[in-house]
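Here is a short, friendly walk through one structure. Have a look at the sequence and the model first, and then read on.

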Amino acid sequence: MLGLMQNYPLLAHTILDHAALNHGDREMVTRAIEGPIRRINYHDLRLRALRVAKALHNEGISTGDRVATMAWNTDRHFETWYGVMGIGAICHTLNPRLFAEQLVYIINHAEDKILFIDLTFVPLAEALAAKLPSIKKYIILTDEAHMPATTLPNAVAYESWLAGVDADFAWHSFDENTAAGLCYTSGTTGNPKGVVYSHRSNVLHGLMANQPDVFGLTSKHVVLPIVPMFHANAWALTFSAPMAGASMVMPGAGMDGKSIYELLDSEKINVSAAVPTVWLGLLQHLEENNLQLPYLDTVAIGGAACPRMMMEALELKYGVEVIHAWGMTEMSPIGTTGKLKSAEESLPVAEKIDLKLKQGRTPYLVEMKIVDDDGNDLPRDGVTSGHLLVRGPAISSAYFKLGEIILDEDNWFDTGDIANINAGGYMQITDRDKDVIKSGGEWISSIEVENTAIGCEGVAEAAVIGIPHPKWTERPLLIVVRKPGSEVTAEEVLAYLEGKIAKWWIPEAVEIVDELPHTATGKIQKMELRKKFGGYEF
Ligand code: AMP
């Protein structure tokens with residue numbers, strides 16, 4: 001017998017309807033690409049999103065068509081995103097930091113029909129346009145007064161394009177499993193792969209993100225999503241904030257410490273989210289200018305492991321609660337968050353920091369487990385490491401146009417991360433499976449060695465790779481970039497690590513380099529390092 005409840009489809013644009021109706025006066029504040037601060041509220045954002053939907057409909061865009069954006073976090077990007085989804089088209093967020101060839105591959109693979117683009121990226125698009133036959137129109141996210149002279153074919157200023165339509169339009173209706181978003185992941189090998197979010201997965205993921213032990217937004221919050229909308233839905237904030245009626249502050253192109261501090265202060269922001277690099281910039285700015293963070297309550301840090309010194313500075317010096325988060329594009333992206341449970345609040349400070357440096361616990365709607373190389377379940381003892389598998393309604397089952405299901409027979413997705421899980425459910429990433437270092441039959445956590453090394457005075461960035469070794473199979477080599485002006489030596493770094501990590505984890509050698517190779521999402525390209533240091537001898 002089936003239940004007798006309404007078959008009410010979970011459609012992502014209804015989130016904006018809810019925000020407009022119940023929190024219509026709550027603001028979105030944008031640092032506009034043209035310079036000034038711009039303010040709009042959810043009521044008006046919805047009307048503009050409806051106009052985007054109507055204008056796209058008039059252009060002949062319909063269900064299943066891909067419409068791309070290459071844009072920072074702004075109000076215009078947000079209303080475009082909802083307008084595209086609201087007619088059943090697919091909002092394809094492009095990461096402008098990708099290499100040109102990757103962008104060309106992605107846009108052609110997705111067969112994007114229209115590209116909405118920020119002023120910042122017009123030169124980039126001009127260089128690529130000849131290789132993008134599917135794009136019929138370039139809509140520059142600005143007004144006529146700021147419209148640049150451009151060689152882009154069929155280019156129009158967003159505000160002029162929008163001026164031709166009113167908001168007298170109804171969202172289209174369709175099945176909740178209809179695709180809503182597309183975001184390509186850039187692995188270190190092979191072509192980027194398209195992750196396709198559905199309306200249902202976006203709504204469920206937004207609800208999940210609003211659980212109190214995740215980001216727990218409410219209508220009292222003012223949230224600054226620094227994490228870009230092109231990096232896996234700005235960690236759900238573009239859904240969870242309007243769902244909760246939280247005000248949003250959009251940083252535009254200003255991601256440096258000074259610009260972020262200005263917004264935190266002037267807009268009295270209490271929640272924010274970004275990768276560690278951004279927080280590093282903010283911490284430097286605070287220290288150099290002797291500033292405090294009186295309004296900021298909570299920050300989410302993820303995308304890469306949060307270094308200890310960052311956690312300690314934010315929590316202990318500036319009084320900001322850090323939520324360490326782990327996830328991936330394929331997971332919408334949130335997988336775990338590290339808010340402490342009540343019994344853990346009374347632990348000594350150092351133990352609390354230790355616990356919070358783990359990547360955290362799963363919210364309801366994410367399941368996870370670790371398995372050995374043969375797929376056997378491993379214990380949750382906080383020590384045993386294994387392949388981290390996940391499943392849930394906002395986790396990918398296949399990549400765009402690749403057909404093949406990427407799950408095992410029990411629907412588990414292999415994240416490619418190596419982790420342990422303790423009895424309380426806290427997961428700790430120790431490595432990517434491609435990067436693990438096996439020494440004397442045991443795994444060395446390169447992440448832990450790197451994050452400890454970053455605590456050494458004068459070290460800006462650190463990466464550990466395994467070098468083949470006749471006796472131990474592999475031994476770790478630490479590669480370090482110095483902070484500007486620092487003269488820190490290999491010996492000093494090694495001496496610093498003594499006593500802070502297991503003795504046999506201490507790298508065999510330290511090499512100092514000018515810079516490390518990064519991917520478009522800011523991750524260190526260890527494959528490049530392994531190539532560069534191939535044949536290295538200790
Ligand atoms: P992406 O899909 O680009 O967001 O990359 C996802 C990958 O980033 C994960 O599989 C992890 O390897 C890594 N990652 C994300 N968050 C964390 C974190 N808090 N600590 C360590 N690694 C992380």
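How far is an oxygen atom of the ligand from an N or O atom in the side chain of Thr329? The two are 2.7 Å apart. Before going further, a word on ground rules: this is a predicted model, where local features need pLDDT of at least 70, side-chain atom pairs count only at pLDDT 80 or more, and totals for chains, interfaces and linings use all residues. Residues are numbered from 1 along each chain as its sequence is written, and side-chain values use heavy atoms, with hydrogens and water left out.

Back to the ligand. There are 14 residues around it, and Ala325, Thr329, Gln359, Asp417 and Arg432 come nearest (near here means that a heavy atom of the residue lies within 4 Å). The table lists some polar contacts with the ligand, a polar contact being a pair of N or O atoms within 3.5 Å.

| Residue | Atom of the residue | Ligand atom | Distance |
|---|---|---|---|
| Ala305 | backbone N or O | nitrogen | 3.2 Å |
| His324 | polar side-chain atom | nitrogen | 3.1 Å |
| Thr329 | side-chain N or O | oxygen | 2.7 Å |

Now for the overall layout. The chain is assigned domain 1 (13-204), domain 2 (367-433) and domain 3 (436-532), with bounds that come from an automatic or database domain assignment. Between the C-alpha centres of domain 1 and domain 2 there are 32 Å. Where these two meet, 13 residues of domain 1 are in contact with seven residues of domain 2, contact meaning heavy atoms within 4.5 Å. About 830 Å² is buried between them, and carbon and sulfur atoms give 66% of that; buried area is the accessible area (1.4 Å probe) that two parts lose on being put together, summed over both.

How many salt bridges cross the interface of domain 1 and domain 2? The rule finds one, taking a salt bridge as a side-chain nitrogen of Lys or Arg within 4 Å of a carboxyl oxygen of Asp or Glu. Glu111 pairs up with Lys401 in a salt bridge, with 2.6 Å between the closest N and O atoms. On the side of domain 1 that touches domain 2, two or more residues each come from α4 (100-110), β8 (179-185), β9 (193-198) and α7 (199-209). Helices (H or I, at least four residues) and strands (E, at least two) are DSSP runs, numbered from the N terminus. The top contributor on that side is β9, with four residues.

Across the structure there are 30 salt bridges. One of them joins Arg48 and Glu79, at 2.8 Å from N to O. Arg48 sits in helix α2 (residues 42-58) and Glu79 in helix α3 (residues 75-85), so this pair ties together parts that are 31 residues apart in sequence.

Finally, two backbone details. Ser332 and Pro333 are joined by a cis peptide bond, with omega about 20 degrees, and Pro333 lies in the loop between β14 (321-327) and β15 (334-337). Asn411, a residue other than glycine, has a positive phi near 70 degrees.

Key
Polar contact = N/O pair within 3.5 Å; in protein donor to acceptor, adjacent residues only side chain to side chain.
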